[in-house]
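Grab a pencil and have a go at these exercises before you peek at the solutions. Each one starts with a task, and the solution then goes step by step.

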Amino acid sequence: MIECVAVETEFSWDTFVERYWDRSPVLFRSLSASPAPFAAEEVFRAAAHGSRSARADGRMPPHVQFTVERVQRDEAGDLLPTGEDGAFDA
């Protein structure tokens, strides 16, 4: 089954929470979000925390979709952030 992704033209927390949070995927297509809805440090911490769900054998759990440059990966290798990285740039 192919899942359609909703597209919104501007970001709104109210819209996101009301329509999509824990319900379905959404793409917010916008040239810029101002002010930025997230602080980079908070996003990094969430990504590092979420990365811990990768299995010990390096394969992604079935409930996780991991993509790199638009290619979905089954194995994360060393591509997932860890708290020791400190930031996405690392």
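**Exercise 1: Aromatic pairs**

Find out how many aromatic pairs a search of the whole structure gives, and work out what kind of pair W13 and W21 form.

*Solution.* Keep in mind that you're looking at a predicted model.

Step 1. The search of the whole structure turns up nine aromatic pairs.

Step 2. Take W13 and W21: their ring centres are 6.4 Å apart, which is inside the 6.5 Å limit for a pair.

Step 3. Now the angle. The planes of W13 and W21 meet at 40°. Under 30 degrees would count as stacked and over 60 as edge-to-face, so this pair is tilted.

Step 4. Check the surroundings as well. W13 is partly exposed, with a relative accessible area of 35%, and W21 is partly exposed too, at 44%.

**Exercise 2: A pair across the chain**

Classify the pair F44 and F88, then say which parts of the protein it ties together.

*Solution.*

Step 1. The rings of F44 and F88 sit 5.3 Å centre to centre, with 85° between the planes, and that makes the pair edge-to-face.

Step 2. Locate both partners. F44 belongs to helix 2, while F88 is in the segment after strand 4 (71–73), so the pair ties together parts that are 44 residues apart in sequence.

Step 3. Are the partners buried or partly exposed? F44 has a relative accessible area of 6%, so it is buried. F88 comes out at 48%, so it counts as partly exposed.

Step 4. There's another contact to look at here. E41 is also in helix 2, and its C-alpha atom is 7.1 Å from that of A87, although the two are 46 residues apart along the chain. E41 is exposed, with a relative accessible area of 52%.

**Exercise 3: A cluster of rings**

List the residues that ring pairs link into a cluster.

*Solution.* Follow the ring pairs from one partner to the next, and you collect F11, W13, F16, Y20, W21 and F28.

**Exercise 4: The two sides of helix 2**

Check the length of helix 2, then sort out its buried and exposed faces.

*Solution.*

Step 1. Helix 2 covers residues 40–51, which is 12 residues. At 1.5 Å a residue they should span 16 Å, and the end C-alpha atoms are indeed 16 Å apart, so the two agree.

Step 2. Pick out the buried residues of helix 2: F44, A48 and S51. Looking down the helix axis, you find these buried residues within an arc of 60°, so they line one face of helix 2.

Step 3. Here's the general rule behind that: an α-helix has 3.6 residues a turn, so residues three or four places apart point the same way.

Step 4. Turn to the face pointing away from the buried side. There you find the exposed residues R45, A46 and H49.

**Exercise 5: Two pockets**

Describe the largest pocket and the second largest pocket by volume and lining.

*Solution.*

Step 1. The largest pocket holds about 750 Å³ of space, and the second largest about 250 Å³.

Step 2. Among the residues lining the largest pocket are F11, F16, W21, V43, A46 and Q65. Which element gives the most to this lining? Helix 2 does, with five residues.

Step 3. The second largest pocket is lined by V5, P25, V26, L27, Q65, T67 and Q72.

Step 4. Sort by class. The largest pocket has eight nonpolar, four polar and no charged lining residues. The second largest has four nonpolar, three polar and, again, no charged ones.

**Exercise 6: Unusual phi angles**

Say where D22 and R70 are found, and what stands out about their phi angles.

*Solution.*

Step 1. Start from the general rule: most residues other than glycine have a negative phi.

Step 2. D22 goes against this, with a positive phi near 55°. D22 sits in the loop between helix 1 (13–20) and strand 2 (26–28), and it is exposed, at 75% relative accessible area.

Step 3. R70 isn't a glycine either, yet its phi is positive, at about 70°. You'll find R70 in the loop between strand 3 (66–68) and strand 4. R70 is exposed as well, with a relative accessible area of 84%.

**Exercise 7: The whole chain**

Write down the order of the elements.

*Solution.* The protein has two helices and four strands, and from the N terminus on they run β-α-β-α-β-β. Of its 90 residues, 13% are buried.

Note on methods
Residues numbered from 1 in each chain as written. Predicted model: local features only at pLDDT ≥ 70, side-chain atom pairs only at ≥ 80, totals over all residues. Heavy atoms only, no water. Expected span 1.5 Å × (residues − 1). Buried < 20%, exposed > 50% of the residue type's maximum accessible area, 1.4 Å probe, protein only. Arc of directions from axis to C-beta. 1 Å grid on protein atoms, 1.4 Å probe; cavity = no way out; pocket = protein on both sides within 12 Å on 5 of 7 lines; lining within 4 Å. Points joined across faces, edges and corners; volume = space filled by probe spheres on them. Nonpolar A, V, L, I, M, F, W, Y, C, P; charged D, E, K, R; others polar. Phe/Tyr/Trp six-rings, centres within 6.5 Å; stacked < 30°, edge-to-face > 60°.
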